[in-house]
Amino acid sequence: MTQLGLPEDIHACLFDLDGVVTRTAVVHAAAWKEMFDAFLRERDGAEYRPFTSADYDEYVDGRPRADGVRTFLASRSIDLPDGDPDDPPGAETVHGLGNRKNELVLEKIRTDGVEAYDGTLRYLESVRAHGLSTAIVSSSANCRDVLRSIGAEHFFDVRIDGVVAAERKLPGKPHPDTFLAAAEDLGVDPSEAAVFEDALAGMDAGRAGRFGYVVGVDRVGQTDALYRHGADIVVQDLAELGETE
Ligand SMILES: [Mg+2]
């Protein structure tokens with residue numbers, strides 16, 4: 001293992017955004033819950049079964065927004081039309097619910113701002129100082145704005161986010177395609193790239209893409225689940241991986 005805590009043959013590092021670089025996983029979880037609970041209450045009345053953190057981990061976290069809506073609704077045997085990406089927030093379609101969730105996230109980010117994990121920023125500096133290349137691989141369509149707001153855009157050689165994935169028609173996590181595209185853009189084989197992810201869907205993507213090393217980042221006490229979904233190692237903070245000066 002190198003001073004970065006990675007196998008010797010790793011030449012590129014592919015980072016998820018929400019929950020790995022920024023403390024926005026909590027913001028997303030809260031927005032999903034607020035949106036789904038309002039929808040379920042409207043539909044089922046006082047008897048409604050609320051959206052839980054287990055639902056978030058299993059069906060939503062890490063996936064593109066519309067896939068998150070579809071996967072959770074399917075888990076409750078609820079069938080809604082897809083609708084149109086421009087549907088108004090809250091319309092009873094997959095995109096309408098997704099747009100409502102996005103509206104809530106943007107409100108929360110505008111009010112509270114976005115915070116980065118210092119351990120990740122120091123690790124990124126270290127990774128670049130050792131000459132490894134880097135990519136940000138996020139399902140978020142707001143990825144670029146979020147990186148700019150924390151002054152971290154310069155840390156990444158390549159960005160594959162929700163916007164790029166839509167342009168290139170790449171299926172999102174848990175499919176490996178966005179990570180594979182990042183590795184290809186960086187000119188490395190997947191076996192030479194490490195994936196850094198906090199979502200179970202991200203672990204699945206890392207395993208499906210046969211990446212050289214998969215680092216699970218546990219911010220919420222789901223270490224066992226991250227290992228079950230294919231992590232080679234689980235840390236609570238990237239600072240644990242190696243030198244971060
Ligand atoms: Mg994440």
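Q: Which residues does Leu-170 touch, not counting residues up to four places away in sequence?
A: In this predicted model, Leu-170 touches Ile-160, Ala-165, Asp-177, Thr-178 and Ala-181. To count as touching, heavy atoms must come within 4.5 Å.

Q: Where is Leu-170 found, and how many Å separate its C-alpha atom from that of Thr-111?
A: Leu-170 belongs to the loop between α7 and α8. Its C-alpha atom is 32 Å from that of Thr-111, a residue 59 places away along the chain.

Q: Why is Glu-184 called buried or exposed?
A: The cut-off for exposed is over 50% relative accessible area. Glu-184 has 63%, so it is called exposed. You will find Glu-184 in helix α8, residues 177-186. Its C-alpha lies 24 Å from that of Arg-65, with the two positions 119 residues apart in sequence numbering.

Q: Why is Ser-126 called buried or exposed?
A: Buried means under 20% relative accessible area. The value for Ser-126 is 1%, so this serine is buried. Ser-126 sits in helix α5, residues 118-129. Cys-143 is 17 residues away along the chain, and the two C-alpha atoms are 22 Å apart.

Q: And Gln-222: why is it called buried or exposed?
A: The same limit of under 20% applies. With a relative accessible area of 9%, Gln-222 is therefore buried. Gln-222 is part of the loop between β5 (213-217) and α10 (223-228). Leaving out residues up to four places away in sequence, Gln-222 touches Asp-57, Asp-198 and Leu-200.

Q: Which residues of helix α9 are buried, and what covers them?
A: In α9, residues 200-208, the buried ones are Leu-200, Ala-201, Gly-202, Met-203, Ala-205 and Gly-206. Their cover includes α2, α8, β4 (193-197), β5 and α10. Just after α9, Arg-210 takes a positive phi of about 50°.

Q: What describes how α3 and α4 cross?
A: Two packed helices are described by the angle between their axes and the distance between those axes. For α3 (residues 65-75) and α4 (residues 94-112), the axes come within 9 Å and cross at roughly 115°. This crossing is right-handed.

Q: Which residues make the contact of α3 and α4, and how do they divide into nonpolar, polar and charged?
A: From α3 come Arg-65, Ala-66, Val-69, Arg-70 and Leu-73. From α4 come Val-94, His-95, Leu-97, Gly-98, Asn-99, Lys-101 and Asn-102. By class, five are nonpolar, four polar and three charged. Gly counts as polar in this scheme, so Gly-98 goes into the polar group.

Q: What makes a residue part of the lining of the largest pocket, and how many residues line it?
A: A lining residue needs an atom within 4 Å of a pocket point. In the largest pocket, 39 residues line the space, and Arg-63, Pro-64, Arg-65, Ala-66 and Ser-139 lie nearest its centre. The space in this pocket is about 790 Å³.

Q: Which helix gives the most to the lining of the largest pocket, and how many of the lining residues are nonpolar, polar and charged?
A: Helix α4 gives the most, with six residues. At least two residues each come from α1 (25-44), α2 (53-60), α3, α4 and α7 (162-168). The lining has 14 nonpolar, 13 polar and 12 charged residues.

Terms used:
Residues numbered from 1 in each chain as written. Predicted model: local features only at pLDDT ≥ 70, side-chain atom pairs only at ≥ 80, totals over all residues. Heavy atoms only, no water. Axes fitted to C-alpha atoms, helices over the stretch in contact; angles between N-to-C directions. Helix = DSSP H or I, 4+ residues; strand = E, 2+ residues; numbered from the N terminus. Left-handed = near helix turned anticlockwise from the far one by under 90°. Buried < 20%, exposed > 50% of the residue type's maximum accessible area, 1.4 Å probe, protein only. 1 Å grid on protein atoms, 1.4 Å probe; cavity = no way out; pocket = protein on both sides within 12 Å on 5 of 7 lines; lining within 4 Å. Points joined across faces, edges and corners; volume = space filled by probe spheres on them.
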